[in-house]
Amino acid sequence: MNDTGSLVTLAPDSSGPAPTGERWIRFAKPARWIAIAGAVGVLAAPFMAWAYRPDALDDVSFWGEPSPLQWFAFALGLLLLGCLVAPFVIKPRPGRRPRRLLAFNRGAKAAASGSLVYFAVASAAIVLELGGLVALEPGAWAGLAGALVATVATRALPEGHDPRLQFLNTPAWGQILGIVGAVALVLFAAAYGLGQDGASTFVTFGVLCGVGVYVAARVGVMGWLSAAAARNRRALVLAAFAVAFLFPMTQDGSDANMSIAVGVLIFAATAMGLNIVVGLAGLLDLGYIAFLGAGAFTAAILSRSAFATLGWSPPFPVVVLISGTVAAILGLIIGSPTLRVSGDYLAIVTLAFGEIFRITMNNLDGVDGPNLTRGSNGIPAIPDLELFGFDFGESHMILGVQIGRFANYYWLMLLVLALIILVFTNLNHSRIGRGWVAIREDERAAEAMGVNVFGLKLLAFAGGAFLAGIAGAVKAHVDVSVTPDQYIFMESAFLVAGIVLGGMGTVGGVLIGASILKLLPEKLRFFEDYRLLMFGVLLVVMMRFRPEGLMPDERRQLEFHADDDELAEEIGENIEAHVIPSLAGAPEPDLKGDDA
Amino acid sequence: MTALLSARDVTMKFGGLTAVNQVSLDVAPGEIVGLIGPNGAGKTTFFNCLTGMYQPTSGEVEFDGQLLPPKPRRVAMAGVARTFQNIRLFQNMTALENVMVGRYARTGTNAIDAVFRLPRHRREETETRRIAEEWLDFVGLGEAADLLSRNMPYGDQRRLEIARALALEPKLLLLDEPTAGMNPQETREAEELITRIRGLGMAILVIEHDMRFIFSLCDRVACLVRGAVLIDGAPETVQNDPRVIEAYIGTPVDVAPSADGEGDSDA
Ligand SMILES: Nc1ncnc2c1ncn2[C@@H]1O[C@H](COP(=O)(O)OP(=O)(O)OP(=O)(O)O)[C@@H](O)[C@H]1O
Ligand SMILES: [Mg+2]
């Protein structure tokens, strides 16, 4: 039997969705016109009132004066109409094969169902906030109806050929321009989304972003972007880093958003450390938050807080190293006896370890043991960092923008995160990383090839713990106080969820997954009670439709590295040649081995 | 000539079932030895005993003058590489990466080298890549380097597994049914590949059900029946031995239907 954790070895075999609507193909022509009518409905809706009172969403009660959210709906409508009309406009040059760069029909389907979701969410928000269906004005109904008509009608359009935009020969500057544009869009979306105070506005905007990405993916733009990104790694990394660096500039001294942003960075850095353990080595660790806690407590105890119990406070760089080391030693202590068990057993043992850590921290209060952590009170009043004469607690003016306390920590955390990512990628692209992935894929086979399975597992555990410890050291100063109840099992679970959601073993995916999971609950305070339910649903949906995560491992994307049409054709044929015989009844090898 | 591998009285019991019973077998350097026997005879179990995946109930295995400990990693480092009856590739790694994993035991980059990209890391990385590419070319998969191994056709997966084993630079290669599930064309290619491997001076111990394949390729053939060695000798001798034929086809008389308690070979 395969003995790695069941959650970790989920087969990433997602065969594409079955072609829908092929039966209805003869209705394609009228369907297109009906869908266009629906799109017109969607386009008209923003110019009507959606709600009868102004206090729902961002005031959608006016006629003829769309609010931003209504403009977004308009944009969706344009997208839908564009996808529907494009085939009339873009025709293959006479005498040449159609290039089929973009899959407009797929885009239309996505945009139609996306608009429907958008209007449904917006209407639901209005109904909930104003109480009752009566609150909906004609605009909302028009939008809903138009989107519904378009959704149903587009089902009858054929799926069409896979988009080939990613195989188009684009000059390097074009690729880089695309990357920079996309990254800038992300910055804008993040700044705008964070600026929305109303939860319903935030959700609606989130839906818009999700729909936009989905449509882009279906049309084929995302394929092109990820191909360009794969070929211009450096440009992508630089652009992403620049955007992250500039983010505080867009906040104009608002500490509220920056404190959330710091929290997101800390969470992401921790997730990146856990990504070594779960994503690369395939070890399901459900107690990982303990290592973040170990780092935070170490830094707190070694800080200049009046409540610090040791009375020794070395400079911060030293504290960082000590915190990481303490966490790593904990990792070794927990790892060496437990890493011999695997899969679900390891998950249970690590879960227990996380609890033991929290309870121990609660009890090191001088009553039952040495007074190290002051028990459940924790260590409060941890002073702000001072590095090289720079006080992280003070505001500064940079280029006319106020940079507050949290923005300072944001930049520090950004640096820490960059270092952690560097460590992660360097390890991943080395003998060590290959060993980890081999263990994840097939532990017994890896061992038979001479991979030091136990040593590498231990290294993953200790290394991941070290990185979490470093993040914890910064977290102690950001949070001002460190208490045991910040490090509960739920946090570990969210870390794992973020990794699975984003794409195990990837950098970009885990960053996105972690950000989403940390950001949503912060912005959706009123959802508090339903948070877990929502995440549960989200994960189930992900596992059903995209088990490899939002951004699958680059190892799984290597097949798309062709530069031109010819090669693309060839690859397509190869894949067909390989897939079809296996469908035609060639004996499927039973890969769940009985060899060992 | 002294034997490269010498298994002495290897016995493997699973509860009441003796899957391998007092098997002794020698493989000389550069020799191709075939291991045949009906389903459930214990061939794969014997392989697992040799490679340390099972700890034999009794008996010992000597390789290159040293006793092999029952630790797969030590066995691999000593110079014994294997393939599996049910292909066990690293599915979500590319063909090239699979072979590069095979170099693991022959390289020494540690975490510090990798994190700081020290010279040893960079030197070994280029070298590992080059050698892995060479082995891929050797088995005829040079073009498939960037394909995920799970997306490769069945025959290619078998060859990739052989390339991964070869990358370990073993002195002895253990192949468990290298042509299982292949069509005649692929079988011929596999045969040709194994002959070329022999040309490298490597000793090979191969389990196979394809008799034509075994008798045309091997220097020596051993036949295992119900865990014990029935006969061990030159291909012609084994081929014509009535007991071998009997073991495969069965005697026409006196076979009680309940006599065979070990038919189910799926562990
Ligand atoms: N781990 C195990 N536990 C219990 N019984 C086992 C185990 N592994 C193998 N066996 C049994 O040992 C016997 C020999 O199995 P083995 O797989 O070695 O046969 P084989 O000669 O390789 O057969 P085949 O030609 O079908 O591959 C079978 O009866 C099998 O059921
Ligand atoms: Mg077998």
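User: How many salt bridges does the rule find across the interface of chain B and chain A?

Analyst: In this predicted model, the rule finds 2 salt bridges across the interface of chain B and chain A.

User: What makes the pair B:Glu125 and A:Arg434 a salt bridge?

Analyst: A salt bridge requires a side-chain nitrogen of Lys or Arg within 4 Å of a carboxyl oxygen of Asp or Glu. The side chains of B:Glu125 and A:Arg434 meet at 2.9 Å, N to O, and therefore the pair satisfies the rule.

User: Which helix of chain B gives the most to the side of chain B that touches chain A?

Analyst: Helix 3 of chain B gives the most to that side, with 4 residues. By class, the side of chain B that touches chain A holds 23 nonpolar, 16 polar and 11 charged residues.

User: Why is B:Arg103 called buried, and what is B:Glu169 called?

Analyst: Buried means under 20% relative accessible area, and exposed means over 50%. B:Arg103 has a relative accessible area of 4%, so B:Arg103 is buried. B:Glu169, at 41% relative accessibility, falls in between and therefore counts as partly exposed.

User: How do you know that B:Arg103 and B:Glu169 form a salt bridge, and which parts of chain B does the pair tie together?

Analyst: The side chains of B:Arg103 and B:Glu169 meet at 2.9 Å, N to O, and the cut-off is 4 Å, so the pair counts as a salt bridge. B:Arg103 lies in the loop between helix 3 and helix 4 of chain B, while B:Glu169 lies in the loop between helix 6 and strand 7 of chain B, so the pair ties together parts that are 66 residues apart in sequence.

User: What makes B:Thr44 and B:Gln85 donors to the magnesium ion (ligand 2)?

Analyst: A donor is an N, O or S atom within 2.8 Å of the metal. B:Thr44 through OG1 and B:Gln85 through OE1 coordinate the magnesium ion at 1.8 to 2.1 Å, and therefore these atoms meet the cut-off. The pair links distant parts of the chain, with B:Thr44 in helix 1 of chain B and B:Gln85 in the loop between strand 6 and helix 3 of chain B, 41 residues apart.

User: Is B:Thr44 buried or exposed, and why is B:Gln85 called partly exposed?

Analyst: B:Thr44 has a relative accessible area of 16%, which is under 20%, so B:Thr44 is buried. B:Gln85 has a relative accessible area of 24%, between the limits of 20% and 50%, and therefore B:Gln85 is partly exposed.

Terms used
Residues are numbered from 1 along each chain as its sequence is written. Chains are lettered from A and ligands numbered from 1 in the order in which they are written. This is a predicted model: local features need pLDDT of at least 70, side-chain atom pairs count only at pLDDT 80 or more; totals for chains, interfaces and linings use all residues. Side-chain values use heavy atoms; hydrogens and water are left out. Helices (H or I, at least four residues) and strands (E, at least two) are DSSP runs, numbered from the N terminus. Ala, Val, Leu, Ile, Met, Phe, Trp, Tyr, Cys and Pro count as nonpolar, Asp, Glu, Lys and Arg as charged, and the others, Gly among them, as polar. Donors are N, O and S atoms within 2.8 Å of the metal (3.2 Å for Na, K and Ca); water is not among the atoms, so sites may look incomplete. Buried means under 20% relative accessible area, exposed over 50%, partly exposed in between (1.4 Å probe, protein chains only).
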